[in-house]
Amino acid sequence: MAANPKTLTESIVREHLADGRPEPGQQVAVDIDHVLLQDVLGPLVWMEFEALDYGEVDPLVAQYLDHQVLQFDERDTAIHRYLRTVTRSHGGHLSKSGNGICHQVHRETFVEPGVTLVGSDSHSPTVGGFGALGIGAGGLDVAVSMSGEPYTIEMPEVVAVRLEGELGAWTSAKDVVLELLRRLTVKGGVGKVFEFVGPGVESLSVPERCTIANMTTELGATSGIFPSDERTRKHLARLGREDAYRPLAPAEGAEYDDEVVVDLAALEPLVASPGMPDNVVPVSEAAGTAVDQVVVGS
């Protein structure tokens with residue numbers, strides 16, 4: 001066993017550490033590999049980037065046109081025209097309207113295990129399903145990261161979410177994170193990274209892991225992350241990117257600041273009732289509720 005065995009989160013932070021001590025509560029500056037932008041907050045980020053006169057982007061920067069795709073009025077059209085121009089002029093990647101949702105396209109196209117990502121979208125932790133560390137951030141922080149400057153953050157606590165068993169019939173990955181919300185509330189993850197460990201991890205596909213990592217945002221968490229394993233390799237192979245794979249896991253004996261245990265086999269289908277994500281009840285309690293509208297996709 002290695003001396004001072006590290007969690008996966010700490011290992012990635014140390015690999016990208018520009019300054020500081022990666023201990024809970026301490027300020028750390030972390031080098032960023034990827035920056036993700038969408039078309040709601042993306043314009044503000046680019047305006048700040050240009051105001052700071054940085055020039056070319058340094059890390060991989062991907063701008064997605066995926067939120068305002070219906071173009072309700074001329075303002076949406078003007079914003080997309082600006083984003084197309086500014087992204088190309090500063091060396092970023094542009095995903096045109098209709099290509100798909102930023103989290104899905106980015107993980108299929110760019111994400112590699114072990115990379116760091118800062119995004120102007122709160123659900124940037126989605127990439128944690130691949131063993132990457134994704135963090136949602138404010139406009140100025142994202143703009144500075146686009147220049148190649150390190151991202152500064154207070155080192156979060158790392159909480160082990162130990163998954164046991166396998167999901168049963170009619171339960172899904174969404175039920176895993178709804179169960180965490182039911183127990184911990186929308187403030188239960190503030191200042192924390194949820195690191196998913198245990199034998200149950202192996203039973204979950206990469207898309208299922210991404211679903212869970214995505215919704216750690218609803219817990220108020222800094223991020224959520226899974227190990228990169230044989231499931232990850234096979235998924236990257238299906239995407240034609242097997243060369244991006246590398247195995248990543250917490251060291252044996254790594255110590256966590258806290259632990260939560262979830263028995264996947266004991267879960268039942270859950271639903272978040274109005275009007276907060278942590279107002280979670282079993283689907284059976286909502287049975288018979290009249291449905292006025294059904295929204296599919298985005």
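In which loop does Thr185 lie? The answer is given with the second of the following close-up views, all of which show a predicted model.

**Figure 1. The largest cavity of the predicted model and the residues around its centre.** A search of the whole structure finds one cavity of 30 Å³ or more. The volume of the largest cavity is about 110 Å³. Its lining is made up of 15 residues, and those closest to the centre are Val13, Val30, Leu133, Ile135 and Ile153. At least two lining residues come from each of α1 (8–15), β2 (27–30), β6 (116–119), β7 (133–136) and β8 (151–154). By class, the lining of the largest cavity holds 12 nonpolar and three polar residues, with no charged residue among them.

**Figure 2. Thr185 and its positive phi.** Thr185 lies in the loop between α6 (173–184) and β10 (192–197). The phi of Thr185 is positive, at about 75°, although Thr185 is not a glycine. Most residues other than glycine have a negative phi. With a relative accessible area of 34%, Thr185 falls in the partly exposed class, because that class covers values from 20% to 50%.

**Figure 3. The loop between α2 and β4, with Asp53 and Tyr54.** Asp53 is placed in the loop between α2 and β4, and Tyr54 is found in the loop between α2 (42–51) and β4 (60–64). Asp53 is not a glycine, yet its phi is positive, at about 60°. The relative accessible area of Asp53 is 67%, so this residue is exposed. Tyr54, by contrast, is partly exposed, with a relative accessible area of 32%. Together with Leu52 and Leu140, Tyr54 forms a nonpolar patch on the surface. The accessible area of Leu52, Tyr54 and Leu140 together is about 260 Å². Tyr54 can be counted in this patch because its relative accessible area of 32% passes the cut-off of over 30%.

**Figure 4. The largest pocket and its lining.** The largest pocket has a volume of about 350 Å³. Of its 18 lining residues, Ile101, His103, His123, Thr126 and Asn214 are the closest to the centre. Helices α4 (102–109) and α7 (206–214) each contribute at least two residues to the lining of the largest pocket. That lining comprises three nonpolar, 11 polar and four charged residues.

**Figure 5. The second largest pocket, with Glu10 among the residues nearest its centre.** The second largest pocket encloses about 300 Å³ of space. Its lining consists of 16 residues, and Pro5, Thr7, Glu10, Glu255 and Asp257 lie nearest the centre. Seven of the lining residues of the second largest pocket are nonpolar, three are polar and six are charged.

**Figure 6. The salt bridge between Glu10 and Arg14 in helix α1.** Side chains of opposite charge can pair when their charged atoms come close. The side chains of Glu10 and Arg14 form a salt bridge with an N to O distance of 2.7 Å. Both residues belong to helix α1 and are four residues apart, about one turn of the helix. Glu10 is buried, with a relative accessible area of 17%, whereas Arg14 is partly exposed at 39%.

**Figure 7. Further salt bridges of the model.** The count of salt bridges in the model comes to nine. Arg233 and Glu230 meet through their side chains at 2.5 Å, N to O. Both lie in helix α8 (residues 230–238), three residues apart, about one turn of the helix. Arg233 is partly exposed, with a relative accessible area of 22%, and Glu230 is also partly exposed, at 40%. In the salt bridge between Glu164 and Arg162, the closest N and O atoms are 3.3 Å apart. The relative accessible area of Glu164 is 30%, which places it in the partly exposed class; Arg162 is partly exposed as well, at 31%. Glu179, Arg182 and Arg183 are linked in a network of salt bridges.

**Figure 8. The cis peptide bond from Pro274 to Gly275.** The peptide bond from Pro274 to Gly275 is cis, and its omega is near 0°. Most peptide bonds are trans. Gly275 is found in the loop between β13 (270–272) and β14 (280–282).

Notes. Residues are numbered from 1 along each chain as its sequence is written. This is a predicted model: local features need pLDDT of at least 70, side-chain atom pairs count only at pLDDT 80 or more; totals for chains, interfaces and linings use all residues. Side-chain values use heavy atoms; hydrogens and water are left out. Patches are made of residues with over 30% relative accessible area and no salt bridge: like charges are joined within 9 Å, nonpolar side chains (Val, Leu, Ile, Met, Phe, Trp, Tyr) within 5 Å. Accessible areas come from the Shrake-Rupley method with a 1.4 Å probe; for residues, only the protein chains shown count as cover. A salt bridge is a side-chain nitrogen of Lys or Arg within 4 Å of a carboxyl oxygen of Asp or Glu. Buried means under 20% relative accessible area, exposed over 50%, partly exposed in between (1.4 Å probe, protein chains only). On a 1 Å grid over the protein atoms alone, a cavity is a set of points where a 1.4 Å probe fits but cannot get out, and a pocket is an open set with protein on both sides within 12 Å along at least five of seven lines; lining residues have an atom within 4 Å of a point. Grid points are joined across faces, edges and corners, and a volume is the space filled by probe spheres set on the points. Ala, Val, Leu, Ile, Met, Phe, Trp, Tyr, Cys and Pro count as nonpolar, Asp, Glu, Lys and Arg as charged, and the others, Gly among them, as polar.
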